[in-house]
Amino acid sequence: MEELYGIIEEKIKRSGYPNPVDGKEFYNEVSDEADEKENGTYIFLIKKSDTVFYQGCMAIMDSQFDLHYVDIHDGDSVYHVDFDA
């Protein structure tokens, strides 16, 4: 899992997002959004602070999820992270 967390952190960094993001924390927050949802494709929103939130799209299958993308909104800036690329 540590390798996955590193990949998440690297993809977010390559998006131009200037602040550090903990890959494990990010994965757990997105995973929590997927918990107890039926199979399908979902748009989600995770509020981090008054000025920072994540908006993304994921597909949920029986016991896993596939995160397609996340847009990190930080004030007036938006950083797009494509996890399918």
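In this predicted model, Lys48 has a relative accessibility of 31% and therefore counts as partly exposed, since the exposed class begins only over 50% and the buried class lies under 20%. The side chain of Lys48 meets that of Glu29 in a salt bridge, with an N to O distance of 2.6 Å. This pair links distant parts of the chain, because Glu29 belongs to helix 2 whereas Lys48 sits in the loop between strand 1 and strand 2, 19 residues apart. A salt bridge also forms between the side chains of Lys48 and Glu25, here with an N to O distance of 2.8 Å. Glu25 likewise lies in helix 2, so that its pairing with Lys48, in the loop between strand 1 (40-47) and strand 2 (52-61), ties together parts that are 23 residues apart in sequence. Glu25 itself counts as partly exposed because its relative accessibility is 40%.

The structure holds four salt bridges, and another of these is formed by the side chains of Lys47 and Asp50, at 3.9 Å from N to O. Through shared partners, salt bridges join Glu25, Glu29 and Lys48 into one network. With regard to solvent accessibility, Lys47 is exposed, since its relative accessible area is 61%, and Asp50 also counts as exposed because its relative accessibility is 75%.

A contrasting electrostatic setting is found at Asp74, which is placed in strand 3. Asp74 is buried yet takes part in no salt bridge, and the nearest side chain of opposite charge, that of Lys48, is 12 Å away. When residues up to four places away in sequence are not counted, Asp74 touches Tyr17, Asn19, Thr51, Val52 and Tyr79.

Asp76 is located in the loop between strand 3 and strand 4 (77-82), where, in contrast to the buried Asp74, it counts as exposed because its relative accessibility reaches 84%. Val52, which is among the residues touched by Asp74, is separated from Asp76 by 24 residues in sequence and by 9.6 Å in space, taken from C-alpha to C-alpha.

Backbone geometry draws attention to Glu36, for which phi is near 65°, a positive value in a residue other than glycine. Glu36 is placed in the loop between helix 2 and strand 1, and it counts as exposed because its relative accessibility is 85%, a value that lies over the 50% cut-off for that class.

Turning to the pockets of the model, the largest one has a volume of about 230 Å³. Its lining comprises 13 residues, of which Leu4, Tyr27, Phe65, Leu67 and Phe83 are the closest to the centre of the pocket. Helix 1 (2-14), helix 2 (23-34) and strand 3 (64-74) each supply at least two residues of this lining. By residue class, the lining of the largest pocket divides into nine nonpolar residues, one polar residue and three charged residues. Helix 2, which contributes to the lining of the largest pocket, is also the element that contains Glu25 and Glu29, both of which belong to the salt-bridge network with Lys48. Strand 3, likewise a contributor to that lining, is the element in which the buried Asp74 is placed.

Definitions and conventions
Residues are numbered from 1 along each chain as its sequence is written. This is a predicted model: local features need pLDDT of at least 70, side-chain atom pairs count only at pLDDT 80 or more; totals for chains, interfaces and linings use all residues. Side-chain values use heavy atoms; hydrogens and water are left out. On a 1 Å grid over the protein atoms alone, a cavity is a set of points where a 1.4 Å probe fits but cannot get out, and a pocket is an open set with protein on both sides within 12 Å along at least five of seven lines; lining residues have an atom within 4 Å of a point. Grid points are joined across faces, edges and corners, and a volume is the space filled by probe spheres set on the points. Helices (H or I, at least four residues) and strands (E, at least two) are DSSP runs, numbered from the N terminus. Ala, Val, Leu, Ile, Met, Phe, Trp, Tyr, Cys and Pro count as nonpolar, Asp, Glu, Lys and Arg as charged, and the others, Gly among them, as polar. Buried means under 20% relative accessible area, exposed over 50%, partly exposed in between (1.4 Å probe, protein chains only). Lys and Arg count as positive and Asp and Glu as negative; His and the chain ends are not counted. Contact means heavy atoms within 4.5 Å.
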